[in-house]
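I opened this structure to see what packs against what. My notes follow in the order I looked things up.

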Amino acid sequence: MADLQFNNFDAFKDAADEPGASQGEKVHVRVQQRNGRKCITTVAGLAEDLDIKRICKAFKKNFSCNGAVQKDEDEKEVIQLSGDQRTNVKEFLVDQEICHSDAIVLHGF
């Protein structure tokens with residue numbers, strides 16, 4: 001019984017802390033609760049050479065929601081969308097071949 005080896009997997013460790021994983025190659029889609037039933041979806045980590053404003057405009061038109069491009073603490077552009085648009089954003093980014101599905105990380109509830 002003493003020969004059992006348990007997996008030393010830490011579920012609370014962030015993926016960026018692992019060796020070989022860099023923060024820049026992943027697209028993070030998060031949902032933040034506002035007040036009551038309202039929430040905001042943020043899309044961060046898109047490549048620098050992409051036209052973020054054009055992507056935001058396409059999100060707003062396809063999802064029928066409001067959105068804006070904001071700067072975060074690191075002066076990188078982040079798209080904010082009203083409502084819970086996580087699955088819509090992932091499907092759009094994969095369908096338009098902006099990034100691969102394994103490069104998109106969904107965060108939230």
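I started with I79 and listed its contacts, skipping residues up to four places away in sequence. I79 touches T41, T42, V43, L46, I52, I55, C56, F59 and A68. I keep in mind that this is a predicted model.

Next I looked up the largest nonpolar core. It has 17 residues. I79 is among those with the most contacts inside it, along with V27, L46, F59, V89 and L93. Which elements give two or more residues to this core? I found β1 (27–33), α1, β4 (77–82) and α2. Helix α1 gives the most, with five residues.

That sent me to the two helices. Helix α1 covers residues 52–63 and helix α2 covers residues 86–95. They pack at an angle of about 120 degrees, and their axes are 11 Å apart. An angle over 115 but not over 145 degrees falls outside the perpendicular and antiparallel ranges, so I call α1 and α2 oblique to each other. Their crossing is right-handed.

Which residues meet there? From α1 I noted A58, F59, N62 and F63; from α2, N88, V89, F92 and L93. I sorted the residues of this contact into six nonpolar, two polar and no charged.

Last, I checked V69, in strand β3 (residues 67–71). Is V69 buried or exposed? V69 is partly exposed, because its relative accessible area is 26%, and buried would mean under 20%. Beyond its neighbours within four places in sequence, V69 is in contact with I52, K53, C56, E77 and V78. I also took the C-alpha to C-alpha distance from V69 to I55: 9.8 Å, with the two 14 residues apart in sequence.

Definitions and conventions: Residues numbered from 1 in each chain as written. Predicted model: local features only at pLDDT ≥ 70, side-chain atom pairs only at ≥ 80, totals over all residues. Heavy atoms only, no water. Axes fitted to C-alpha atoms, helices over the stretch in contact; angles between N-to-C directions. Helix = DSSP H or I, 4+ residues; strand = E, 2+ residues; numbered from the N terminus. Parallel < 35°, antiparallel > 145°, perpendicular 65-115°, else oblique. Left-handed = near helix turned anticlockwise from the far one by under 90°. Contact = heavy atoms within 4.5 Å. Nonpolar A, V, L, I, M, F, W, Y, C, P; charged D, E, K, R; others polar. Buried < 20%, exposed > 50% of the residue type's maximum accessible area, 1.4 Å probe, protein only. Core = buried A, V, L, I, M, F, W, Y, C linked by side-chain atoms within 4.5 Å.
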